[in-house]
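User: Please take a close look at the surroundings of the ligand in this model, and then follow the elements found there into the rest of the fold.

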Amino acid sequence: MDTSADLRVLLASQYPLLLVATREEQRFLGLLRRAASGLGLPVWVWSAASGLARDGGDPMYGTTDARRALQFVADLRDPGVFVFTDAHHPLRDPVTLRAVKDAAQRAERGQTLLLTSPAATVPPELESLAVPWTLRPPERSELAAMVRRAVEDLAATRTPVRLSASDEAAITGALAGLTMADAERLLQRAVVRDGGLGPDDVAYLRAEKAEMLNTDGVLEIVERHPGGLDGVGGLDGLKAWLRTRGEALRSGRAEAMGLDAPRGVLLTGVPGCGKSLAAKALAADWHRPLVLLDPGRLYGRYVGESEDRLGAALGAVEAMRPAVLWIDEIEKGFAAGGDGDGGVSRRLLGTFLRWLQERPDGVFVVATANDVASLPPEFLRKGRFDEVFFVDLPDEAARRSIFGAHLSGRGHDPGGFDLDKLAAISDGFSGAEIEAAVVGALYRAFGAGRDLTTEELAAETEATVPLSVSRAEDVARLRTWAATRAVRA
Ligand SMILES: Nc1ncnc2c1ncn2[C@@H]1O[C@H](COP(=O)(O)OP(=O)(O)O)[C@@H](O)[C@H]1O
Ligand SMILES: [Mg+2]
């Protein structure tokens, strides 16, 4: 259902009190006016600066005081939608809070009080009365309409526009995830930059969007692994699992067979064995943008700010659908502070888990964790991830292919090396350690002015003490944990 239809249903249901979280007040009011006029309801808007006014009319005298405005609504008795903007401020006053509660309890049929604020926090006093609602970032269709209008405006002013229908769709896609105002501004910037709009602007828009989403650092669009899943050595179970799901998504046949869309995986395991790599490779294989969420950046200075940011970030990710959401080292971000931070990290964890459970199809989540012991157990409950995989040290065959992948990745034909020997002498190595041995050997060869040979690679390998030896107990602990709780990747 689109946003304005959603709002219309909400108004038609005649809830007396709606709490709306939005950072896009103007867009929200536009959608609301449309929904209300479809139902024949007038819209009144209150702000602390100008008081309460019927759309198109003058403010009612003396109503900048929220309590008097509420009294005015009660006396009016006419049906309508009464919007109190930035209501989180007046609601801090207990008397106003009480007045809202009273008003909601004895609201006339057809009167809806609607309180907006940037975050979706419901005061406990209103919990049983209020219906919370969050304005999502614009839908594709809203953005597409905005882009269409912009293109028409440009054409009218004889600005050069070279866009096919699919270019226009690509531009819309590149703006997805932004608020409407930001999307419009960014599109204008692209026009000003080179005096027109063309297919080459898509890359610019994407890059700028990444930057804008990154302003508070919570989300980042990251490079995918160009080799795709083929560039990951070993992890055959995980790769097969992902390939089957990728195939199902592409063909659309899975849905016809009654299969649910894949939702996400949690990758745990020995550091340096390809968890992060798998996330980057998967996004490339599925041709989806890879969006990294850094929970560490959520923590704000003000009460409620962190939850607010998380909500905005998750909304932005939803608007980028289809996308892969990657959360690296999830154990460090959520609930990291335990109860020692006024409960902020607990609340963030709660919000995130709820979203994991309820998120719409089209966002595939890849979460990685090195230290499973410190992971809140809630993550492992059914319904959060489709599967929990344990990424173990590569076996001999996997080590062989990891050597091969890193040699060919650096322009050396793997056929020219004795990969069997290298795989045999690198028992206990992680993928990262194999990569480091390849790089080290390249330096050795370069320093000696020789071509890279198996001997250099072997010497470098033999000079390395892998983590699995130097920290044998930690690795053993991870494996014990995984034996009963995870599937081998
Ligand atoms: N299975 C693998 N196949 C190929 N390269 C690997 C593999 N595992 C690790 N590597 C190399 O080591 C680097 C670090 O691995 P990473 O995926 O970050 O490990 P982690 O499991 O700690 O997230 C990768 O970028 C990659 O170059
Ligand atoms: Mg990693």
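**The ligand shell and what lies behind it**

Analyst: In this predicted model, the shell around ligand 1 receives at least two residues from each of helix 11 (275-286), helix 15 (396-409) and helix 17 (431-447). The shell counts 19 residues, and those that come nearest to ligand 1 are Gly274, Lys275, Ser276, Leu277 and Gly431. By residue class, the shell holds ten nonpolar, seven polar and two charged residues. In terms of domains, at least three residues of the shell come from domain 3 (228-391), and at least three from domain 4 (396-469). These two belong to an assignment that also gives domain 1 (3-134) and domain 2 (140-213).

Helix 11 leads from the ligand into the interior. The largest nonpolar core has 76 residues, among which Leu282, Val291, Val324, Leu325 and Val366 touch the most other members. Helix 11 contributes seven residues to this core, the largest share. At least three residues of the core come from domain 2 (140-213), and at least three from domain 3 (228-391), although the centres of domain 2 and domain 3, taken over C-alpha atoms, are separated by 30 Å. Such grouping fits a general pattern, since nonpolar side chains in soluble globular proteins tend to be buried together. Leaving aside residues up to four places away in sequence, Leu282 touches Leu229, Leu242, Val324 and Val366. Apart from this core there is a second, separate one of 38 residues, which includes Trp44, Ala87, Val100 and Ala107.

Val324, one of the contacts of Leu282, takes the description on to the sheet, where Val324 stands opposite Phe364 in strand 11. Strand 10 (residues 323-327) and strand 11 (residues 363-369) run parallel and are joined by five bridges. The open sheet to which they belong is formed by seven strands in the order 7-9-10-11-8-12-13, with mixed pairing. Strand 7 and strand 13 (487-488) are the edge strands, each pairing on one side only.

Just outside the sheet edge in the chain, Gly217 lies in the loop between helix 8 (201-213) and strand 7 (219-221). Because only 12 or fewer other C-beta atoms within 10 Å count as exposed, Gly217, with 12, is exposed. Gly217 nevertheless touches Asp294 and Arg297, not counting residues up to four places away in sequence. Between Gly217 and Glu358, which are 141 residues apart in sequence, the C-alpha to C-alpha distance is 24 Å.

How values were computed:
Residues numbered from 1 in each chain as written. Chains lettered and ligands numbered in written order. Predicted model: local features only at pLDDT ≥ 70, side-chain atom pairs only at ≥ 80, totals over all residues. Near = placed C-beta within 6 Å. Helix = DSSP H or I, 4+ residues; strand = E, 2+ residues; numbered from the N terminus. Nonpolar A, V, L, I, M, F, W, Y, C, P; charged D, E, K, R; others polar. Domains from an automatic or database assignment. Core = buried A, V, L, I, M, F, W, Y, C linked by C-beta atoms within 7 Å. Buried ≥ 20, exposed ≤ 12 C-beta atoms within 10 Å, placed from the backbone. Contact = placed C-beta atoms within 7 Å. Pairing = 2+ DSSP bridges.
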